[in-house]
Amino acid sequence: AGTGLGSSNGAQGTVEKKSPSELTIGVAISTTNNPYFVAMDQAIKAMAKKNGTKVIIADAQNDSSTQLNDIQNFVSQKVDGILVNPVDSDSIVPAIKSANTAGIPVIAMDRGSNGGTVLSTVASDNVKAGQMAAQAILDAYGKGAKVIELSGTPGASATIDRGNGFNAEAKKLGLDILSSQSANFDRTTALNTTQNMLQSNSGVQAIFSQNDEMALGAVKAVQAAGGKIGIFGIDGESETHTAIEQGTVTATIAQQPGKIGEMALQAMYDHFNKKTVKKSIDSPIYLVKKDNVKQYMW
Amino acid sequence: MKTVSNFLNRFTSLTTLAALAVLMVLITVMNPSFLTTNNLLNLLLQVTANGFIAFGMTFVILTGGIDLSVGAILALSSALSAGMIGAGMPLPLAVLMCVVIGAGLGAINGFFIAYGKMAPFIVTLATQMIFRGLTLVFTNGNPITKGMDGFFLAYIGQGYLFGIPFPFILMIIAFVALYVLLHKTAFGKSVYALGGNEKAAYIAGVQSNRVKVAIYTISGLMSAIAGLVITSRLSSATPQAGNGYEMFAIAAVVLGGTSLMGGKGRMSGTIIGALIIGVLNNGLNIIGVSTFWQQVVEGAVIIVAVLVDVIRNKRSLQS
Amino acid sequence: MKTVSNFLNRFTSLTTLAALAVLMVLITVMNPSFLTTNNLLNLLLQVTANGFIAFGMTFVILTGGIDLSVGAILALSSALSAGMIGAGMPLPLAVLMCVVIGAGLGAINGFFIAYGKMAPFIVTLATQMIFRGLTLVFTNGNPITKGMDGFFLAYIGQGYLFGIPFPFILMIIAFVALYVLLHKTAFGKSVYALGGNEKAAYIAGVQSNRVKVAIYTISGLMSAIAGLVITSRLSSATPQAGNGYEMFAIAAVVLGGTSLMGGKGRMSGTIIGALIIGVLNNGLNIIGVSTFWQQVVEGAVIIVAVLVDVIRNKRSLQS
Amino acid sequence: MKIELKNISKAFGVNQVLKDISLTVNSGEVHALMGENGAGKSTLMNILTGLFPASGGKIFIDGEERTFQNPREAELFGISFIHQEMNSWPELTVMENLFLGREIKKNGLLNNKEMRKQSRAAFNELGVNIPLNVEIGTLSVGQQQMIEIAKSFLSNLQILIMDEPTSALTERETSKLFEVIQHLKKRGVGIIYISHRMEEIFKLSDVVTVMRDGKVIDTKPTKDTNVNELVKKMVGREITDYYPHKNTPVGDVTFEVSHLESATNKFHDISFSVKSGEILAFSGLMGSGRTEVMRAVFGIDKPKSGVIKLHGKPIRIRKPLDAIRHGIGFLTENRKDEGLILDFSIRENVTLPSTRNFVKNLFFNTKMAMLFVRDLIQRLTIRSTGTEQIVGNLSGGNQQKVVLAKWVGISPKVLILDEPTRGVDVGSKREIYELMNELAGKGVPIIMVSSDLPEVLGVSDRIIVMHEGRIAGEILGKDANQEKIMQLATLGE
Ligand SMILES: Nc1ncnc2c1ncn2[C@@H]1O[C@H](COP(=O)(O)OP(=O)(O)OP(=O)(O)O)[C@@H](O)[C@H]1O
Ligand SMILES: Nc1ncnc2c1ncn2[C@@H]1O[C@H](COP(=O)(O)OP(=O)(O)OP(=O)(O)O)[C@@H](O)[C@H]1O
Ligand SMILES: O[C@@H]1[C@H](O)[C@H](O)CO[C@H]1O
Ligand SMILES: [Mg+2]
Ligand SMILES: [Mg+2]
């Protein structure tokens, strides 16, 4: 939802031209507790280093109000631009607005903002990722396939979006979702939770895991149980690629966190080079299976 | 000079104040932009949520208790009142409801602890799970944003009065009120008495159960106010709000010189403790310490600050 | 019958055992697949990590202390030893190193608490941050998997002996060893004495500082063993491993009837406490309670179990 | 006010501690309550003031039946109880302690001015001068006791119960207290006075009630009885000599302390030695530094300098365990804080310093410990339900005996006793002295710090008197008398 406040950044023409080496960019990451964001963070750092850009990275540890603080700190330090990976798309709005008021351009990464004005949103579509996973399961196991779902941290936007996308699509496609339990995006938790779910649900054919960390935990549970169950993740961690090669994971919907970061930083460079920046930059997501596993890597 | 230091010493622990000053100087040296008006105002704003909670926590810890459920109370009271706003309740009423709900949840803790004679740690650990779970159930895991941008609510967390962030002014008001309650009333004395020697307190006629219910109620109430500020700042109530805040509040209280054994400590120390934590969070960002190292530095500062305090107290005992 | 109940009562709190039984019956009624051999074996396996940590935590809590850093110690010792494995260290040596590192990190806690005379809560809160931060620094935030599938390591968490999960057997061995240490040796007596009255214990010749260092070392060591089991089960060391485990361990200890004030409690209670938490986690999954409600139910069960124990103790005092 | 207790009984579990007690206390009289340790004196008073409920019986006040729900209620009614164990907050100030639970308010806030005024008035009445804004933990035990007493003056006092109020007071404070009691009596206040000190009973009381085994044995006007009769009624048998004769000879010097210097300025240049089989008393005014010396010797506090020798060889004592390993035992004066783990059983407390003696093949042998402790319980006549009774549930005097048992239990080579008979009844005192003699007979040197002059004179071979942190002089037991000791203790002040 757009708001009336957004006009403050409409002054693209008045932007002072600056080269990458003259820029200081604040990067607000939702959490570095996950290889996914670590990859994003590192790609940004590497690219900034190469171009002589100064970056300040803040980790909100998944707390919206910490993230608001982080961004306000960036504003008071008068950074040139802000890259933000929101903890969630609703509660990030005031932070975006405060950057807007200060005339600092903001680019959203991985997750969008439901208000304020961002120069651009570089994201892969989480709802779509869920839908793709449902499709992949249908392709592998057909209509009526028996599936259990490992969901992420309750209340996290990725959990909500992927869950919504997956469940709606699964219903449409006629998959049989036996049960859904949270494993907090965490590998160890997923191992135990999967074991327990396999215990109470018989005939499970596939597991949809809302991220790769949990998928890798599920692998261990399936191995211990000794059956043959398809495992579908989201993220595309390199470890998952190996697992797909080995056949322990069936497929993952790969995002490219590093790419997202690089594309966002590039967009910021472009902005300060007085080029037009697209309102929405789609970071493509790919279905990675055994046959194309060499193709996409973080 | 002597009298100033005497006054300060009576007002709060000088070590804590010194730690805060040293920290601020160090950070400024590393990045002068720390010491701009703008950043200091941000800092004040950022300290408020933890400040409110830590004030309530001071009462709890003074009685020898602990409240691990503050973050969950913050989330549940925010979510429920946000839901009411969404359902059309007038903002002032909803704000009042939020505070009432927070106090009520705190009272539940106090009730179990006082009348159930259960350890505060375990009661509030359990209610932390219960309240957080209920928040998720109520919000269905989604942030609530409907109707959250009315002026009345917005002002609580985003307003400025005489150029000072309104929530900070609110925090100072809460501080003064609780300071008076703790240090100038009979209730305050009974809080200390309970933490110092519960049996003696009973013999002296302190109504320990009532006092316990009251202090956990205060803690819940303060958490709800912190929730209001956060909800207002974010224009949304998120189900994960306040996660882990109990630890920051406890750290602020302990850094402020209040003993976890109860019976010893001061409100004024807590405000300095909260400022230390705020300065750390803000400053480490500003000087660009990498995120992984930030935790390490924060932990180390806490240890050093408390250690220095222990040594100083020992020395002052001997002299 | 009488003697059996007498024996059990001496061995552990009957209430806790009853709570466990009731819970198991309820879950079985709701979903009979809970009571299959297969699931019970899973359950045993799932209990081990928390079991190890809770055993160490029992010593800590008996002295009136607390260890919030267990999860971070688990992660750091796992990560460092996984790094060594990746660098080519032979598995048995790396496993030994893991345990040594865990013990060493625990000793650091103990050192600050004993010789620094600092509150255990604050020391271990700070080292939690430090150890977790160092884990992230060392792993760069990524899981370590290189060389983690050697048989020796794999067996620790995944092996079976006589059809029973090997880690469970390991846990029983640790239990027996620590049980004997706590209940049958002079060291054990001094752990209790320290929790009962530190001053009196010191004057009676208890070397309080050494005992403290020892118990936090034990706690660190047990955390490292838990880490080994987890690393082995996952064939990888993740930087977030053990996050929040301190709370489960503390809950297990308290459910097992050990007082957070120190001086009172038993190892055997802890194992039941850990089983209760394991059964809850496993059972709520199996009967398909929604994710949001799971926390609510767990919190409620903890409250009820502790409350029943308080009431029972009160009753037995009066009779 | 007239209090009548009628047929009061009380049981803790199966332990019947009060049996059909009836007692009447009138205003304006001092009613002494005597009885062996564990006879039930404190329990009876706790029931009267609403701390515990009675199992049976009734309480009448001015003819009306009344049961207090809690101590505060009793106090509001005019009945104050100064407990045997102090109930205070060391970290709070004198004034905060005085007014806890009864603060004076003005518009909801504390009225410090009024409270200060009343505190000063109470202190004036007691004749003490204690600053109001210091933490009471920094004050001497005697001063703290005076504050407890001052507290009761702040309410509408009609009946004042004192449970061994003088056990921690100096001579001067004690005589001050007696003046206050006379004054209160004149004001019409009734006083219940519990003490094990005979001379106090005869100096103060109008009526005396003797209890034994939870029963009232007799109530009599004090003037109609005498010490021997009271003792006989309490103990159930005649006691002829209160200080049993010690007939073992003194041997060679075994334990020496030279030039011990306090790190915190509490004592200076302390040198003394004890011979085997000798009982050496340390006398002096309270606060003269005796306890501090012994704490330093035992390794609790670190001295600045000094040498300690055992059998002529210097030994290093840096912590209590070092002392214990050398066979030194130290009964501390504060049993609640330093002597006991109140939540633990008698067995656990007694065996704590001697744990190692019960370790066989690495393991602690509980059976052996039980037998050992059972033996000590009998020897010291500790009134209890057995080795497993929780120490916190014992009477004050019996707790004291447990602390003694703890140190006797290490089979000490040197025994230091700080106020060993504090709160102990006459009969038990005699048993303690006999035990000291027995140990001395085996060659154990005993150092006894005591503020009880008759005791010092009665049992010691030699007496060292301290004054303001220094040794003021030394007297042989056979040459000593009260005057000589007091003169050294005050250095003629
Ligand atoms: N809370 C309690 N639980 C169980 N037994 C108790 C409790 N309090 C006291 N007793 C028992 O009651 C008896 C009487 O104790 P009380 O303290 O009244 O004795 P006392 O006459 O005051 O002795 P002393 O002179 O040693 O102070 C003792 O046997 C004691 O063990
Ligand atoms: N001048 C003083 N002011 C306040 N407290 C004191 C003073 N002197 C001693 N004390 C305290 O009083 C207690 C007893 O004093 P100390 O050990 O020095 O004397 P003592 O001769 O053993 O007397 P007591 O008969 O009380 O044991 C100690 O805890 C000590 O800290
Ligand atoms: O997109 C990210 C990743 O998938 C991660 O695994 C969990 O958080 C989500 O937001
Ligand atoms: Mg008594
Ligand atoms: Mg003394």
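C:Thr238 reaches across a chain boundary in this predicted model. Leaving aside neighbours within four places in sequence, C:Thr238 is in contact with A:Arg187, A:Glu213 and C:Pro143. The residue sits in the loop between helix H11 (208-234) and helix H12 (245-255) of chain C. Is C:Thr238 buried or exposed? Its relative accessible area is 7%. The cut-off for buried is under 20%, so C:Thr238 counts as buried.

Now take the chains as wholes. Five pairs of chains touch. Among these pairs, chains B and C share the most contacts. Chains A and D do not touch. The nearest C-alpha atoms of chain A and chain D are 37 Å apart.

C:Phe121 shows contacts between chains B and C at the level of one residue. On chain B, C:Phe121 is in contact with B:Ile66, B:Phe121, B:Met247, B:Ile250 and B:Leu260. On chain C, the partners are C:Ile66 and C:Leu68. Neighbours within four places in sequence are left out of this list.

C:Phe121 also belongs to the largest nonpolar core, which holds 214 residues. Which members touch the most other members? They are A:Ile71, A:Ile82, B:Phe121, B:Ile250, C:Phe55, C:Phe121 and C:Ile250. Chain D takes part in this core as well. Domain 1 (3-235) and domain 2 (253-491) of chain D each supply at least three residues. A second, separate core has 72 residues. Among them are D:Ala281, D:Val293, D:Val402 and D:Leu435. There is a general background to such cores. In soluble globular proteins, nonpolar side chains tend to be buried together.

Back in chain A, look at A:Ser209. This residue lies in strand S8 (residues 206-209). A:Ser209 counts as buried, at 0% relative accessibility. A polar atom of the A:Ser209 side chain lies 3.0 Å from the backbone nitrogen of A:Ala215. Not counting residues up to four places away in sequence, A:Ser209 touches A:Leu150, A:Met214, A:Ala215, A:Phe232, A:Gly233 and A:Ile234.

Chain A also surrounds ligand 3. The surrounding residues are A:Asn34, A:Tyr36, A:Phe37, A:Asp110, A:Arg111, A:Ala158, A:Arg162, A:Phe185, A:Asn211, A:Asp235 and A:Gln255. Several polar distances can be followed here. An N or O atom in the side chain of A:Arg162 is 2.6 Å from an oxygen atom of ligand 3. For A:Asn211, the distance from a side-chain N or O atom to a ligand 3 oxygen is 2.9 Å. For A:Asn34, a polar side-chain atom lies 3.0 Å from an oxygen of ligand 3.

Chain D surrounds ligand 2. The residues around ligand 2 include D:Thr138, D:Leu285, D:Glu333, D:Glu419 and D:Ser451. The list also includes D:Met286, D:Gly287, D:Ser288, D:Gly289, D:Arg290, D:Thr291 and D:Glu292. A polar side-chain atom of D:Ser288 lies 3.2 Å from an oxygen atom of ligand 2. For D:Ser451, the corresponding distance is 3.3 Å. For D:Glu419, it is 3.4 Å.

The last stop is the magnesium ion, ligand 4. Which protein atoms are its donors? They are OG of D:Ser42 and OE1 of D:Gln84, lying 2.0 to 2.2 Å from the ion. The pair links distant parts of the chain, 42 residues apart. D:Ser42 is in helix H1 (residues 41-48) of chain D. D:Gln84 is in the loop between strand S6 (79-82) and helix H3 (94-99). D:Ser42 has a relative accessible area of 21%, which makes this donor residue partly exposed.

Definitions and conventions: Residues are numbered from 1 along each chain as its sequence is written. Chains are lettered from A and ligands numbered from 1 in the order in which they are written. This is a predicted model: local features need pLDDT of at least 70, side-chain atom pairs count only at pLDDT 80 or more; totals for chains, interfaces and linings use all residues. Side-chain values use heavy atoms; hydrogens and water are left out. Donors are N, O and S atoms within 2.8 Å of the metal (3.2 Å for Na, K and Ca); water is not among the atoms, so sites may look incomplete. Helices (H or I, at least four residues) and strands (E, at least two) are DSSP runs, numbered from the N terminus. Buried means under 20% relative accessible area, exposed over 50%, partly exposed in between (1.4 Å probe, protein chains only). A nonpolar core is a set of buried Ala, Val, Leu, Ile, Met, Phe, Trp, Tyr and Cys residues joined through side-chain atoms within 4.5 Å. Domain bounds come from an automatic or database domain assignment. Contact means heavy atoms within 4.5 Å. A residue is near a molecule or strand if one of its heavy atoms lies within 4 Å of it. A polar contact is a pair of N or O atoms within 3.5 Å; within protein, one must be able to donate a hydrogen and the other to accept it, and residues adjacent in sequence count only if both atoms are side-chain atoms.
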